[in-house]
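Here is a short guided tour for the bench. Have the sequence and the 3D view open side by side, and let us walk through them together.

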Amino acid sequence: MSILSRLRCITVDVTGTLIAYKGQLGDYYCMAAKSAGLPCPDYKRMHEGFKIAYTDMAKQYPCFGHAAKMPNIVWWKTCVRDSFVKAGYDYDEETFEKVFRRIYSTFGSAAPYTIFPDSQPFLRWARKQGLIVGIVSNAEYRYRDVILPSLGLNKGTEWDFGVFSGLEGVEKPNPRIYEIALERAGNIPPEEVLHIGDSMRKDYIPATSLGMHGLLLDRFKTPDAKSWRDSGAPVLPDLEAAITWLTSEKA
């Protein structure tokens, strides 16, 4: 009996599973600075500054400010300003506004992302098998409204429902985000649902804690994959391999 025959729904993580970032963060911050007539910020300092600023914002205003009813653009403006300041760049208000607008519009488009070649075929295959397909992501509304559609991942052809942390006010690894996914799927029992992601902590553990099946993708050959396998998690290189795994007859 194949795993597929036991399933009614598949949920899928986005970044690292369906899509990936192109280039480095510094590339986009550099382009934004140059567009305002400024020199390119140091890549390493910018990366470290962003990491600190993003972590601080995520702690203070989780889920992109959902509980505080903070507008998405305000959350990101605060985060980006702090990123520059922590990297040693304190621009005046007018200059920063120009730089920020460029960054915000860039990351609200398909420009910084690339879709894995097996993502769209896998999602369409899953729906063709009669499965309900859901997206579960720690992301804000622009993923649903702009980024995924612009990459060819559309609601109705590639996926049926989405659960995005910035819209729900709950984020991985909180199992509640997976409970919401089960509800959106039509209150399907967890044992009839498979979640596919690329993080043991955010994807596999919380999903399987509810009784869902779990599958991890190791697209970038992370050193962590060995410990994932040792813990008993199925780990595959891509979604093509996932189709084989899903359809093979298990004892």
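The report below starts with the sheet and then turns to two charged residues.

## The sheet

Please keep in mind that this is a predicted model. Its open sheet is built from 6 strands with parallel pairing, and their order is β5-β4-β1-β6-β7-β8. The edges are formed by β5 and β8 (235-236), each of which pairs on one side only.

At the β8 edge, β7 and β8 pair in the parallel sense over 2 bridges. If you would like a pair of residues to look for there, L217 has L236 in β8 as its bridge partner.

## Strand β4 and its neighbours

How many residues of strand β4 are buried? Of the 6 residues in this strand (residues 132-137), 5 are buried, so β4 is largely enclosed by the rest of the structure. On one side, 4 bridges join it to strand β1 (residues 9-12), running parallel, and I10 has V133 in β4 as its bridge partner.

Strand β5 (residues 161-164) is also joined to β4 by 4 bridges, again in parallel. Here V136 stands opposite V163 in β5. To get from β4 to β5, the chain passes through helix α7 (residues 141-150), making a right-handed β-α-β crossover.

## K172, a buried lysine

Next, find K172 in the loop between α8 (165-168) and α9 (176-184). Is this lysine buried or exposed? K172 has a relative accessible area of 5%, and buried means under 20%, so K172 counts as buried.

Which side chains make polar contacts with K172? One is D13, joined to the K172 side chain by a polar contact of 2.9 Å. Another is D203, whose side chain also has a polar contact of 2.9 Å with that of K172. Leaving out residues up to four places away in sequence, K172 touches D13, V136, S137, N138, I177, Y178, H195, K202 and D203. V136, which stands opposite V163 in β5, is thus also among the residues touched by K172.

## D218, a buried aspartate

Our last stop is D218, in the loop between β7 (213-217) and α11 (225-230). D218 is buried yet has no salt bridge. The nearest side chain of opposite charge is R229, 4.6 Å away, whereas a salt bridge has to be within 4 Å.

What D218 does have is a polar side-chain atom 2.8 Å from the backbone nitrogen of T222. Setting aside neighbours within four places in sequence, D218 is in contact with A225, W228, V235, L236 and P237. L236 is the β8 bridge partner of L217, as you saw at the sheet edge.

Note on methods:
Residues are numbered from 1 along each chain as its sequence is written. This is a predicted model: local features need pLDDT of at least 70, side-chain atom pairs count only at pLDDT 80 or more; totals for chains, interfaces and linings use all residues. Side-chain values use heavy atoms; hydrogens and water are left out. Buried means under 20% relative accessible area, exposed over 50%, partly exposed in between (1.4 Å probe, protein chains only). Lys and Arg count as positive and Asp and Glu as negative; His and the chain ends are not counted. A polar contact is a pair of N or O atoms within 3.5 Å; within protein, one must be able to donate a hydrogen and the other to accept it, and residues adjacent in sequence count only if both atoms are side-chain atoms. Contact means heavy atoms within 4.5 Å. Two strands pair if DSSP finds at least two bridges between them. A crossover is right-handed if, with the strands pointing away from the viewer, the path from the first strand over the helix to the second runs clockwise.
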